[in-house]
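Thanks for opening this one with me. Here are some friendly notes to read alongside the structure, taken point by point.

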Amino acid sequence: MQKLIEVLNKAKEKDANFNRIFGSMCTVPHEMARKAYEMFIETNLGDYELFKGTKELEEKAIQWIAKLFHAPSSYAGLLTSGGTESNITALWIFKKLSGKNEVVLPKQAHFSFIKASSLLDLKLNVIECKYRMNASDVKKHISSSTSCVVAIAGNTPFGYVDEIEEIAEICSEENIFLHVDAAFGGFIIPFISNKLIDFRAKISSICVDAHKMGMACIPCGFLLLKEKKWLEEIRVRSRCTHTRFQASLLGTRPGAAAAGAYAVMHYLGYKGYETIAKKCMENTAYMIKLLDREGIKYVEPELNLIAIKTKNVGMMVDKLSKLNWYVGADEENGIIRIVIMPHVSKEMINKFVSDLKKVME
Ligand code: 0PR
């Protein structure tokens, strides 16, 4: 056993440390999440009749999210493994409900939609847009084959929010489903902005990841649907599980993820998340000040994400990684992506910008 522990420790030493990570949308999980996760490590929500207590925690965690996003009383929620599973599940349900196979979405949508398209045989009708998708473009792209529109609340390269309220209005008029991908933005936008990204706008579904800005343990995301009955579309008889039916992409599902999310959400409360969100935005503004001082060009941030403009993304990322800094590389947009997650401190920013200046010279 001791030998194996040594092997494990050696492997861990090779992993990057979060105090050098600027390119991730994940962070160090909150202590409360970690504790709850460990307590429920053996539980399986794919067979929740065996784990009724864990199931209750999942339901309470979903209720917490439903309240945050103003879900109507008809809603259903799913705890998922993250944004990819939530996005695939939403598109799966809307394809079945609409009987159509075209999805309208912005160029900046996450690559999980490419996976969804391949799995579900969906045609992606991509809207060209620089930073955010606007409502008038959506209107032009909707047709009689449209199954649903996808709008992003905090997109992957820029952290920008599409014109969700206006897009929702159009989708509602045209009777088309609207899925909102708030995988990243869902745990920050409600705490720092008045933009309506939730069910107060006429959206059909929304996903948010607790393993990103929610500070829960990986894997943990949520998908909310406006109507509980929509889940029937993906419900199957699950022979030999005590639960008898499943309506989720995954079979065996980690109850530990539900316990972790429940615990951290109730420990921090909306107020606690607001404090964290404001701190991340304050640190973002701090980094912008330093970049301005050094004359480094960036895209004006909307959330806690800074896209630094560069002509040679590959070279920059290589040079930074030699200095043990980890950033996101996006050649297509000509940017390196910096995400000011809760683990990022001002001290970390000072050191990073000083090295960034050197590699940009
Ligand atoms: N939707 C959006 C808007 C996202 O940004 C992401 C992931 C997803 C969906 C998919 O979420 P899951 O990866 O949880 O399924 N965005 C990040 C990205 O691909 C994820 C990430 C996380 C990247 C940690 C790097 C990293 O170290 O850029």
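**Notes for a first look**

1. A good place to begin is strand 5 (residues 177-181): five of its five residues are buried, so the strand is largely enclosed by the rest of the structure. Please keep in mind throughout that this is a predicted model. The cover on strand 5 reaches both faces, with Phe-177, His-179 and Asp-181 buried on one side and Leu-178 and Val-180 buried on the other. That split fits a general pattern: side chains in a regular strand alternate between the two faces of the sheet.

2. Next, look at the neighbour of strand 5. Strand 4 (residues 146-152) pairs with strand 5 in the parallel sense, over five bridges. To find one of these on screen, start from Ala-151, whose bridge partner in strand 5 is Val-180. Val-180 is also one of the buried residues named above.

3. Now to the ligand. Which residues come nearest to it? Of the 17 residues around the ligand, the nearest are Thr-84, Thr-156, Asp-181, His-211 and Arg-337. Asp-181 will be familiar, as it belongs to the buried set of strand 5. By type, the shell holds nine polar, four charged and four nonpolar residues.

4. Where does the shell come from? Helix 4 (residues 83-98) gives the largest share, with three residues. Domain 1 (2-28 + 269-360) and domain 2 (31-266) each supply at least three residues to the shell, so it is worth viewing both domains together when you inspect the ligand.

5. Three polar contacts deserve a closer look. A polar side-chain atom of Thr-156 sits 2.8 Å from an oxygen atom of the ligand, and a side-chain N or O atom of Lys-212 is 2.9 Å from a ligand oxygen. Gly-83 takes part through its backbone, where a polar atom lies 3.4 Å from an oxygen atom of the ligand. The ligand on its own has 600 Å² of accessible area, and the protein covers 76% of that.

6. There is also an open sheet of four strands, ordered 10-11-13-12, with antiparallel pairing. Its edges are strand 10 (298-299) and strand 12 (328-330), each of which pairs on one side only. Strand 12 meets strand 13 (residues 335-339) in the antiparallel sense over three bridges. In one of the pairings, Asp-330 has Ile-335 of strand 13 as its bridge partner.

7. Some loops are worth a visit too. Phe-199 lies in the loop between helix 8 (189-192) and strand 6 (205-209). Is Phe-199 buried or exposed? Phe-199 is buried, because its relative accessible area is 12%, below the 20% cut-off. The C-alpha atom of Phe-199 is 5.5 Å from that of Ala-71, although 128 residues separate the two along the chain.

8. Finally, a few backbone details to check. Most residues other than glycine have a negative phi, and most peptide bonds are trans. His-70, in the loop between helix 3 (52-68) and strand 1 (76-80), has a positive phi near 55° and is partly exposed at 39% relative accessible area. Met-215 has a positive phi near 60°, but this residue is buried at 10% relative accessibility. Met-215 is in the loop between strand 6 and strand 7. Pro-219 is found in the loop between strand 6 and strand 7 (221-225), and the peptide bond from Ile-218 to Pro-219 is cis, with omega near 5°.

Definitions and conventions. Residues are numbered from 1 along each chain as its sequence is written. This is a predicted model: local features need pLDDT of at least 70, side-chain atom pairs count only at pLDDT 80 or more; totals for chains, interfaces and linings use all residues. Side-chain values use heavy atoms; hydrogens and water are left out. A residue is near a molecule or strand if one of its heavy atoms lies within 4 Å of it. A polar contact is a pair of N or O atoms within 3.5 Å; within protein, one must be able to donate a hydrogen and the other to accept it, and residues adjacent in sequence count only if both atoms are side-chain atoms. Accessible areas come from the Shrake-Rupley method with a 1.4 Å probe; for residues, only the protein chains shown count as cover. Helices (H or I, at least four residues) and strands (E, at least two) are DSSP runs, numbered from the N terminus. Ala, Val, Leu, Ile, Met, Phe, Trp, Tyr, Cys and Pro count as nonpolar, Asp, Glu, Lys and Arg as charged, and the others, Gly among them, as polar. Buried means under 20% relative accessible area, exposed over 50%, partly exposed in between (1.4 Å probe, protein chains only). Two strands pair if DSSP finds at least two bridges between them.
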